[in-house]
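Dear colleague,

I am handing over to you the structure shown below, together with its sequence. Please keep it open while you read the notes that come after it.

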Amino acid sequence: MGLVTAVRGSVVDVSFTSGLPAIRNILRAGKDGRIVIEVMSHLDEEHVRGIALTPTQGLARGMAVQDAGGPLMAPVGPGLLSRMFDVFGNALDQEGEVRDVSLRSVHNPPPTLSRRSTRTEVFETGIKVIDVLLPLERGGKAGLFGGAGVGKTVLLTEMIHNMIGHHEGVSLFCGIGERCREGEELYREMKDAGVLPNMVMVFGQMNEPPGSRFRVCHAALTMAEYFRDDERRDVLLLIDNIFRFIQAGSEISGMMGQMPSRLGYQPSMGTELSQLQERIANTDTGSITSIQAVYVPADDFTDPAAVHTFSHLSASIVLSRKRAGEGFYPAVDPLESNSKMATPGVVGQRHYSVARQVRQTLAQYEDLKDIIAMLGLEQLAQEDRLVVNRARRLERFLTQPFFTTEQFTGLPGAFVSLDAALEGCERILDDEFKDYPESALYMIGAVDQAKEKAARSKEQEDRDGNAP
């Protein structure tokens, strides 16, 4: 037992007369031990400083504190499926007590090199622009980078929708510092879609203290490791938003009085992010495939939070505000985004050459845009006009109606296989659609839908022309 000696917001100093609790140990105070404090540092032989993971209302100097004797624990077991939890493992879905679970420390080392799998495999998402240009790795880490309001969460929920039907393992959603509304909507959508039985959700919301937001990702990873190592299943781990994890660490660092490094971030940011990301790995028993949304402050990709996250990923999907403004959804910038999987040895020669041609065409169009703006399309050489024609049709073909936005757009969602997406790109590059209007290729699934759309549009025009 110890006594509270100082309380400054979420920072609590506690004195112990007989031996100090270890760093990362949990201390409990208040009525029924409701106030949870994690030990962050030893000040001297009798005092420790900790960060509260819960609000500190009612905590005062002289109050008794009990050392729990170990770190924060997360529930693991078959009883997790179809449930929603907070950082302490309490159920948030009002579905009653959680059964068939045990507790495990949230601080686990990453798997050793001898246990890691070296097999490389592509993870198909059903989203054309990602599967063709930025293939994801099964057991790898992909990042969705973008500022506010460019569609990170929409793209993430669409991937959940597409993958659960084609993905045999467990999906685990971790919401860090996001809005409560998004968590409630996601739970309802997953329940309506009938995919909740193979899903677990863990949330640390925006209104919770930084200590809670900082540890929620570790709790989610502990659950994911259980399904991978104990049940030998593949896990899809979706994190929204990894920037909020870094931000919570920065808040804790400031509270603890550490000198900030560049742009106000904590000096330990690289270490904290590495300890988390290294646990997401393929092993001989199963894989954890992670897709992480990364908020980019003020659309500045040189921000340390974005730069540090880039270094851990096998695919970086950059969402562009300019493309969103032009109505191209998903607003993926194909020239800024990249994937380590886009090599002939992994995806095959056909896929590699199609992706390369698409990128080349879009890059040439980007270079020609200034000339078109100044002189007009008519002044371009015939070959350049063909490039522009192909690029504009490719841009529209790489848009896609989503299942998760059907209620807003009125367009039925489309899941497009990799073969269908590659075939569509090949046919556009071969100029098969040069005489079709560009609008026929916008917001469709497979490329043959463009011909049906163009035919319907022509019929409508004929009817309008014949109308009195």
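The notes below describe the sheet, a hairpin, the pockets, the cavities and the salt bridges, in that order.

Please bear in mind from the outset that this is a predicted model.

**The open sheet**

A good place to begin is the open sheet, which is made of 8 strands. Their order across the sheet is S8-S14-S13-S15-S16-S12-S17-S18, and the pairing is mixed. Strand S8 (84-85) and strand S18 (338-339) are the edge strands, since each of them pairs on one side only. In general terms, the strands of a sheet pair through backbone hydrogen bonds, and they may do so in a parallel or an antiparallel way.

One pairing within this sheet can be followed in detail. Strand S12 (residues 141-146) and strand S16 (residues 288-295) run parallel and are joined by 6 bridges. If you select Phe145, you will find that its bridge partner in S16 is Val294.

A helix also belongs in this picture. Helix H3 (residues 180-192) lies across S8, strand S13 (170-176), strand S14 (199-204) and strand S15 (235-240). Relative to S14, helix H3 runs at about 170°.

**A hairpin and its neighbour**

Please turn next to strand S1 (residues 2-8), which pairs with strand S6 (residues 64-67) in the antiparallel sense over 2 bridges. In this pairing, Gly2 has Val65 of S6 as its bridge partner. S1 also pairs with strand S2 (residues 11-15), again in the antiparallel sense, over 5 bridges. There, Leu3 stands opposite Ser15 of S2. S1 and S2 form a hairpin with 2 residues between them. Gly9, in the turn of this hairpin, has a positive phi of about 65°.

**The two largest pockets**

How much space lies in the largest pocket? The computed value is about 1100 Å³. The lining of this pocket consists of 45 residues, and those closest to its centre are Thr153, Val154, Leu155, Thr157 and Thr405. Helix H2 (152-166), H3 and helix H12 (406-409) each supply at least two residues of the lining. The largest share comes from H3, which gives 9 residues. H3 is thus a helix to look at twice, as it also lies across the strands named above. Sorted by class, the lining of the largest pocket has 20 nonpolar, 13 polar and 12 charged residues.

The second largest pocket holds about 480 Å³ of space. Its lining has 23 residues, and Arg24, Phe214, Arg215, Glu272 and Gln275 lie nearest its centre. Strand S4 (35-42), helix H4 (210-229), helix H5 (242-255) and helix H6 (269-277) are the elements that give two or more residues to this lining. Which element gives the largest share of the lining of the second largest pocket? It is H5, with 4 residues. By class, the lining divides into 10 nonpolar, 9 polar and 4 charged residues.

**The cavities**

The structure holds 2 cavities of 30 Å³ or more. About 40 Å³ of space lies in the largest cavity. Val129, Arg323, Phe328, Pro330, Val332, Glu395, Leu398 and Thr399 line the largest cavity. By class, these are 5 nonpolar, 1 polar and 2 charged residues.

The second largest cavity has about 30 Å³ of space. Among the residues that line it are Leu136, Glu137, Gly140, Lys141 and Ala142, as well as Thr289, Ser290 and Ile291. Strand S11 (136-137), S12 and S16 each give two or more residues to this lining. S16 gives the most, with 3 residues. You will recall that S12 and S16 are joined by bridges in the open sheet. The lining of the second largest cavity has 4 nonpolar, 4 polar and 2 charged residues.

**Salt bridges**

The count of salt bridges comes to 32. One of them is formed by the side chains of Lys191 and Glu95, at 3.8 Å from N to O. Why is this pair worth finding in the sequence as well as in the structure? Lys191 lies in helix H3, while Glu95 lies in the loop between S8 and strand S9 (102-105), so the pair ties together parts that are 96 residues apart in sequence.

With kind regards

How values were computed
Residues numbered from 1 in each chain as written. Predicted model: local features only at pLDDT ≥ 70, side-chain atom pairs only at ≥ 80, totals over all residues. Heavy atoms only, no water. Pairing = 2+ DSSP bridges. Contact = heavy atoms within 4.5 Å. Axes fitted to C-alpha atoms, helices over the stretch in contact; angles between N-to-C directions. 1 Å grid on protein atoms, 1.4 Å probe; cavity = no way out; pocket = protein on both sides within 12 Å on 5 of 7 lines; lining within 4 Å. Points joined across faces, edges and corners; volume = space filled by probe spheres on them. Nonpolar A, V, L, I, M, F, W, Y, C, P; charged D, E, K, R; others polar. Salt bridge = Lys/Arg side-chain N within 4 Å of Asp/Glu carboxyl O.
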